[in-house]
Amino acid sequence: MPLDASIIVISFNQFPFEILYSVFRYLDIPDILRIRRVSRYLNAFSHCRGVWSDTYRNAEFVRPPGPFPSQCARDLEDALVPSFRVHHSLSQDTGTTQGEKPTIKLREIRYTGVDLRVSLIFGRFLFIALSEEIRCYDLSIDLFDSSSGATIVYRSAGGSLRSFHCVSAIDVEGRPFACAVLSEVTQAGFSTLETTQISIYLVNVDNPSEVTLDLLHQVEYPVFDIDVVNLGPRVIVIRGQVPSPDMDPDWHLIALDVNTRTHFSLPSFTRSTWEADSRANSETLEWTAIEDTLTPPTSISTLTHLLVARSFYAQATGWNTFLQAFTLPLPNDTHHHRPALLSSPLLNPSHQGIIRGINMRDSILLQDAILDLSTQDVFITLRVHAFEPSRPHSPVSKYGFLRLAASPSTSHTSHAFDCGVGLGAVAFNLLGSLGQFSRTPFLHPSFNGAGRVFYTLEPGSNGIVAGLEYDVRGGGAQSPDEHVAKVVEHPSILRFSTPRTLLDYDPYSGRLCLQLTMGKYRVIEILDLAV
């Protein structure tokens, strides 16, 4: 049938970009990738930053924080596509009774000996720390040989590695970065006395894939046992224990601003000094005998504050948390390679208080600090353990808003107590549950309110890897009553015939690092859910 002469037929190649932007808003990620094959014109348009920034903002699945002005179209696409594939893999019904998800085994590494720690960074680099060296494997290189592909990024000179931690985060401009923390036992000259040297390195990835360690800070202790390392968008915090002859453990926190390389001085935390300080500054809490359940200090770092909390159990009031917030000085710049500063400013608490009914051990940041412009109060979304008074040993994983009041007078909640003259008060509002697996540790902090967690079930579960996805951004910081989190649990992502230990994972790329023992070998498997 002949076309009406009044009808003008044009192809997509003649559409102006303004119209194509409107069309592409209705396309999902697979459609955008497929439409590239239609023509060079559409291929060029699909690489525009505006396309991927709009797709990033409108996406309804877990993804890294963004988009940021510093991210180009390729950065956004590289972050978004794997996250979508993981979401699709976890969401699809495989038709099996167990509900296992399809995976690809990227690498299998076998070695003998005892490792100190294994870390997966950016979903691409696998670090294995042994007693005298640290090996790095680039998983983007297509190798399936257990003995090849390793680069020695560090070798101990004269000492022996005591511990190794490698943690990653996303900075204020949306760039992923990682820090490695090493502790070595050394002897000075002919002396028999041993010292522990703590070294903090920035992990640099040079083109094309060379990994190097850039020293940021070093400090020495007679004895220092590193327990936990936390990394926020600015500050890395190392928690360690110094033995004490009176059996009163002396906990130390080493805090370093990675951007400016400024080392902050923080007070030590012993049971006696902490209890005396808390009693002296609290007149509103009815103190009773504290059982031997005083937890080590938990640190959480945001863009603007460093939070330090210790939880304890009192017979009359149940679980309580004594929390201090330290306001971080404004950074002068955000360049990672600024020369080290000589000064070590002492951080004094800007807010402190006691919060009843929660335990902050293994707590983690879910959403970075948000400023309420009307009151100048700061809101920080955290994951905590909540307790019913009748069940003090049965924690429930919940999330809520931590409010740092601009002044003590602005705190009006029964969940907090002013603990210091001239200091701002703290308050905590529980908002909801984060799944039924309450004892699951959240390894990686989130700064945008959405994240993904993988974990193995309790011993005896025959090697089951489970997970959950959460989004706690609903309702807004100023409407806690309307705040509803979206939580999706995946109780059986992978099931193995032999038990495996989940060592680490990347929450956005969906790569899992598992370990099993096979005869005399330790075997590390890297599995990819982004299929």
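Two strands are taken to pair if DSSP finds at least two bridges between them, and the legends below, which describe a predicted model, use the term in that sense.

**View 1. The open sheet of strands 23, 24 and 25 in the predicted model.** Three strands form this sheet in the order 23-24-25, with antiparallel pairing. Because strand 23 (450-456) and strand 25 (486-495) stand at the edges with a single partner strand each, one side of each is left without a neighbour in the sheet. Direction ignored, neighbouring strands here are turned by 15 degrees against each other on average. Strand 23 is joined to strand 24 (residues 464-471), which runs antiparallel to it, by seven bridges, and within this pairing V453 has L468 of strand 24 as its bridge partner. Helix 5 (residues 73-91) packs on the sheet and touches strand 23, strand 24 and strand 25, while the direction of helix 5 makes about 55 degrees with that of strand 23.

**View 2. The open sheet of strands 1, 28, 27 and 26.** Four strands are arranged in the order 1-28-27-26, and their pairing is antiparallel. The edges are taken by strand 1 (104-111) and strand 26 (501-506), each of which has a single partner strand, so that one side of each is left without a neighbour in the sheet. The average turn between neighbouring strands of this sheet is 20 degrees, direction ignored. Eight bridges connect strand 27 (residues 511-518) with strand 28 (residues 521-528) in the antiparallel sense, and R511 stands opposite D528 in strand 28.

**View 3. Aromatic pairs, with F127 and F164 as one example and F442 and Y470 as another.** A search of the whole structure finds 13 aromatic pairs. In the pair of F127 and F164, the ring centres are 6.4 Å apart and the planes lie at 40 degrees, so the pair is tilted; planes under 30 degrees apart would count as stacked and those over 60 as edge-to-face. Because F127 lies in strand 3 (residues 125-129) and F164 in strand 6 (residues 160-170), the pair ties together parts that are 37 residues apart in sequence. F127 is buried, with a relative accessible area of 2%, and F164 is buried with a value of 1%. The aromatic pair of F442 and Y470 is stacked, at 5.9 Å centre to centre and with 20 degrees between the planes. This second pair links distant parts of the chain, with F442 in the loop between strand 22 (426-433) and strand 23, and Y470 in strand 24, 28 residues apart; both F442 and Y470 are buried.

**View 4. The surroundings of S46, in the loop between helix 3 and helix 4.** S46 lies between helix 3 (40-45) and helix 4 (49-58). Its relative accessible area is 0%, so S46 is buried. A polar atom of the S46 side chain lies 2.8 Å from the backbone oxygen of N43. When residues up to four places away in sequence are not counted, S46 touches F24, I32, R36, V51 and W52. Of these, F24 also belongs to one aromatic cluster that F17, Y21, Y41 and F45 form with it.

**View 5. The whole chain, for orientation.** The chain has six helices and 28 strands, and 52% of its 531 residues count as buried. Among contacts between residues at least 6 apart in sequence, 56% join residues at least 24 apart. The chain exposes about 24700 Å², of which carbon and sulfur atoms supply 53%.

Key:
Residues are numbered from 1 along each chain as its sequence is written. This is a predicted model: local features need pLDDT of at least 70, side-chain atom pairs count only at pLDDT 80 or more; totals for chains, interfaces and linings use all residues. Side-chain values use heavy atoms; hydrogens and water are left out. Helices (H or I, at least four residues) and strands (E, at least two) are DSSP runs, numbered from the N terminus. Buried means under 20% relative accessible area, exposed over 50%, partly exposed in between (1.4 Å probe, protein chains only). A polar contact is a pair of N or O atoms within 3.5 Å; within protein, one must be able to donate a hydrogen and the other to accept it, and residues adjacent in sequence count only if both atoms are side-chain atoms. Contact means heavy atoms within 4.5 Å. Accessible areas come from the Shrake-Rupley method with a 1.4 Å probe; for residues, only the protein chains shown count as cover. Axes are lines fitted to C-alpha atoms, for helices over the stretch in contact, and angles run from 0 to 180 degrees between N-to-C directions. Rings of Phe, Tyr and Trp (its six-membered ring) pair if their centres lie within 6.5 Å; planes under 30 degrees apart count as stacked, over 60 as edge-to-face and the rest as tilted.
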